[in-house]
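The following explanation leads the reader through one structure, part by part. Please keep the sequence and the model in view while reading.

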Amino acid sequence: MTTEIHTLVGAYVLDAVDDIERASFERHLRECDSCRTEVHELSETATRLADNTWSVPPPWLRENVLSEIGRTRQLPPKVDAAPPARPAARWRRFTAAAAAVVAAVGAGSAVYVVQDQRVREEQRVAAAARSDEARVRAILSAPDVVLKKQDVSTGGRVTVATSQLHNAGVVMLAADAVPTGRVFQLWTIRPGGAPVSAGVLHEGQAADVVVLNGLPGATDVGLTIEPPRGSATPTLPMVADVKL
Amino acid sequence: MAERGVGRRPEHLAAVPGVGPPPPDAGDLLREVARGDEKAFGKLYDLVAPRVYGLIRRVLRDPAQAEEVTQEALVEVWRMAARFDPARGSATSWIFTIAHRRAVDRVRSEQAASERTIRAGVASVDTPYDEVADEVNGRLERQQVRRCLDDLTELQRQAVTLAYYQGHSYPRVAELLGTPLPTVKTRMRDGLIRLRDCMGTGVSA
C-alpha cells in the first residue's frame, strides 16, 4: 500500500496517467486488496465531479446511438484471466471487503449519533431536489422536446420546454426583479378554461424552474405580477404570455 | 395541475411527491443491457446521456467532437455491459469511467494536432439545446460538488480539476502549476480523499 507506485492512485483515478503507468498501476492493484478498495471509493468520488457538467445532448444523438448498438455485438462476460494457482485470492478479496464494510458501518453509526435534525432535514431537501432535478433533465432531453421563449415585458425571459412523451413541461423563468411588495405568479391556460395558478414566487425571487404535469394540453403559460402570496385570478396585463 | 400550492414553496426546486415513476436504477438497467436488452439500453441512455455528454463536452470543449465521443463511449457501454462487476463499484461510476477515459484519450491525441482550434471554431454554432442547458444549469448545478471543491486547498483543487475537467496528465498539471511531480501526485490523491469525505459515498442514479 505504501509502495512508490501506489502514490499514483489519485492520478490513476483522474485518468491523468499514461498507458504504461496505467498498466503498471493495474498490475499493482491485482496484488493489493486495500488499494482496490481505495481506488473504488475514489472512483465513485471522481464520478460525482461529473454531476455539475450536465448538458442536453442533441436529440439526434439518441437515435444514432441506438441504431449503432443494433449493429454492435456485445462481448461475453469476462472469463477470469487470473492464474488459477491462487485460489485464495477471491476469498482474501472478500474478507478485505467485509472488513471495509464493518469499518464503514462502525464509522457510519458514530457519525449518525452526532447528526442532528437539521442535517437530516437538509438531506431530505437535497434528495427531493435531486429527484426533481432528474425529472427536469429527463424532460429537457426528451427526443420530442419543444421550446418556446417569450420576453418578459418588465425585463427578462420565460422559456417553456414541453414533451408529449412525458406529458409534462418545464418552465424556466429568469426575469428582472419586481417592485417590493409584489411577486411573480405563473399561470397555465387551457382551451375554454380559466387560467390556473402554476405557482407563486417569493418576494424578491425572479428566477425559477418549475415542472408542470399535463402541460402539453395547455395553450399558454402566462406570467403576472401579483400581491404577495399570489391571486386567485391573474392581474392583467400579463407580463409574459408564452403560446405553446 | 399546478405542482405547488400558493405561497408555500422553498426558494429552490420544490419536491414533487408522487409525480412520475421513480427514476430507474443504473445498475438494474445495466444488468438488463448485459443480456442484450435494447429497450433497457434506451432507458439507460435517457438516464445517463446528459451527464455523459456534458462531461465529455466539458473536457473537449467542442460540441461536435463531444457528440462523436459520447456515441463511442455509450456504444462501448453496450459492448462491455456483461463485463461490469457490481462488486467493483457502482454502474454509474463504471459508465463515467469509460466516458471520461474516452474523452481524455481524445483530448490528448487532439492536443498533438492543432486542428482542434479550427474545428472548434467551425462547430461552435449554438443549438437551442445548448442555450436551454446553460440556462438551466446555472440553476441546477450541484451545489454540493461546488461547495466540496471550494473546501479543498487551492493546489488540491487545481490538481484535481485540471486533470478531471481538462484531461491533462499529471506531468502536464505539474508543469502548469509549477509544482514538483511528487507534490502533484499527492495533491490529487489527498484532494480526492477530502472530496470523498465531503460528499459522502452516495452516487446519484
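**A helix with two sides**

In helix 4 of chain A, which spans residues 60–69, the residues A:Leu61, A:Val65 and A:Ile69 are buried (20 or more other C-beta atoms within 10 Å of the residue's own, against 12 or fewer for exposed and a value in between for partly exposed, with C-beta atoms placed from the backbone). Because these residues cover an arc of only 60 degrees around the axis, they lie on the same side of helix 4 of chain A; the arc is taken from the directions from the helix axis to the C-beta atoms. An α-helix has 3.6 residues a turn, so residues three or four places apart point the same way. A:Trp60, A:Glu63 and A:Ser67, on the other side of helix 4 of chain A, are exposed. The buried residues of this helix pack against helix 2 (38–60) and helix 3 (63–80) of chain B, where contact requires C-beta atoms, placed from the backbone, within 7 Å.

The model is predicted: local features need pLDDT of at least 70 and side-chain atom pairs count only at pLDDT 80 or more, while totals for chains, interfaces and linings use all residues. Residues are numbered from 1 along each chain as its sequence is written, and chains are lettered from A and ligands numbered from 1 in the order in which they are written. Helices (H or I, at least four residues) and strands (E, at least two) are DSSP runs, numbered from the N terminus.

In chain A, four strands form an open antiparallel sheet in the order 1-2-3-6, two strands being paired if DSSP finds at least two bridges between them. Its edges are strand 1 (146–151) and strand 6 (207–213) of chain A, each pairing on one side only.

Definitions and conventions
Contact = placed C-beta atoms within 7 Å.
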